[in-house]
Every structure is written in C-alpha cells, then in structure tokens.
Amino acid sequence: MRTQRQVVDYSLRKRAVLRELLAGRVGTYDVCDASPYLKNAARFHGEPTDERCPICRSENLIHVHYIYGDELKQSAGQARTLAELPVLAMTLREFQVFVVEVCLGCDWNHLVEQYLLGRDGLAEGGPEHEVAGGEAAGPVRRRREAQR
C-alpha cells in the first residue's frame, strides 16, 4: 500500500515472548489468551496467512487489522478486512492500523505491526513534491497550504 508510513514491526518482541515461553518463565496460558471478540474478528474479518502458529503448530495464523483515528468517530477500534483499507486510505486524511495475529486453535495472539494510512501520506511522497533544480515546487505547496 503506497500510503503506508511510520511502520512499527513487533517481530523482536514476539521472539522475546516465545523465548520466555520456551525457557519456562512464562506459561502457555499467559500467551494464549485471545478474547472471544478477537477470535470473532479473526473469523469474520481476518486474513488467513501461510504461517503456522508458533505454539500449537496445527493451525495457520490469521491477521486482524484494527483501525483507529479521529476521523473514524464511532468506527474507531473496528476490525476491517485488508481489502477495505485502501478505500479508507483514499477517503480519510490519516488513521492508524494495528495488525494482530491470532490462532483460533490455541488462542495465541500477538501484535505484529502498526502503521499509518491516509491521504496525508500521498502529499509526502507524491509527484507534487519532486525536487526540480534543488527547490521544491512552490505553487503546489502554497495551494495545498491554502486548502488547510
């Protein structure tokens, strides 16, 4: 997705949790605690992956995308399918997406990543801001500032 920015990856945190589990410092019930709401979101709005669950190794993980932002109002905190995100990104200025992986077999869940989406991301890397001769395109910037 071309407007995706400020990506935070939580794979190192996941590795640390799994290391703690294998060392016996954390119990399985501490890490396999998906709520019924999260499991329902995974069933109805989740995106299946090819990755096996690191705990039970019998089920494939499902990614659930939760959205948050001021413009969303009552829709904030809802799970959305991956197909809905580009449409929202073109209609809203900015919102945050949290991706959670879930195993429906053993209730493993972990935050995978978070990132920002929205129209504001188009202004940062779009062709309007190409540098010509070392200076930014002045009229486009002034027009955009006048719209705000």
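**Note on the predicted model**

1. A good place to begin is V97, which counts as buried because its relative accessibility is 0%. The model discussed here is a predicted one, and in it V97 lies in strand β5, which runs over residues 95–102. Leaving aside residues up to four places away in sequence, V97 touches H65, Y66, I67, L85, E113, Q114, Y115 and L117. The C-alpha atoms of V97 and A79 are 9.4 Å apart, and these two residues are separated by 18 residues along the chain.

2. Which residues make up the largest nonpolar core? It consists of 12 residues in all, namely I67, L72, L85, L88, A89, L92, F95, V97, V99, V112, Y115 and L117, so V97 from the first point is a member. Helix α4 (84–91), strand β5 and strand β6 each supply at least two residues of this core. A second, separate core has 11 residues, including A34, L38, Y66 and V102. As general background, in soluble globular proteins nonpolar side chains tend to be buried together.

3. Another member of the largest nonpolar core is I67, and its surroundings can be followed residue by residue in the model. Not counting residues up to four places away in sequence, I67 touches L72, S75, A76, G77, Q78, R80, L85, L88, F95, Q96 and V97. The contact between I67 and V97 also appears in the list for V97, and L85 is a contact of V97 as well as of I67.

4. Turning to helix α1, which has 13 residues, the distance from its first C-alpha to its last is 18 Å, close to the 18 Å expected at 1.5 Å a residue. The buried residues of this helix are K14, A16, V17, L18 and L21, and what covers them includes α2 (28–31), β2 (47–52), β3 (60–68), β5 and β6 (109–117). Just after α1, G24 takes a positive phi of about 85°.

5. Is K14 buried or exposed? With a relative accessibility of 15%, K14 counts as buried, because the cut-off for that word is under 20%. K14 belongs to helix α1, which covers residues 11–23, and, not counting residues up to four places away in sequence, K14 touches E51, P54, L61, E101, W108 and H110.

6. The cysteines deserve a careful reading, since the structure holds 0 disulfides. C32 is in no disulfide, and the nearest cysteine sulfur to its own, that of C106, is 3.9 Å away. C106 is likewise in no disulfide, the nearest cysteine sulfur being that of C53, at 3.5 Å. A disulfide would need the two sulfur atoms to be within 2.5 Å, which is why neither distance counts as one. C32 counts as buried because its relative accessibility is 11%, and C106 is buried with a relative accessible area of 18%.

7. Finally, the chain as a whole has 6 helices and 8 strands, which follow one another along the sequence in the pattern β-α-α-α-β-β-β-α-β-β-α-β-β-α. Of its 148 residues, 36% count as buried, while the chain exposes about 9,400 Å², with carbon and sulfur atoms supplying 49% of that area. Among the contacts between residues at least 6 apart in sequence, 58% join residues at least 24 apart.

Note on methods: Residues are numbered from 1 along each chain as its sequence is written. This is a predicted model: local features need pLDDT of at least 70, side-chain atom pairs count only at pLDDT 80 or more; totals for chains, interfaces and linings use all residues. Side-chain values use heavy atoms; hydrogens and water are left out. Helices (H or I, at least four residues) and strands (E, at least two) are DSSP runs, numbered from the N terminus. Buried means under 20% relative accessible area, exposed over 50%, partly exposed in between (1.4 Å probe, protein chains only). Contact means heavy atoms within 4.5 Å. Accessible areas come from the Shrake-Rupley method with a 1.4 Å probe; for residues, only the protein chains shown count as cover. The expected span of a helix is 1.5 Å times one less than its number of residues. A nonpolar core is a set of buried Ala, Val, Leu, Ile, Met, Phe, Trp, Tyr and Cys residues joined through side-chain atoms within 4.5 Å.
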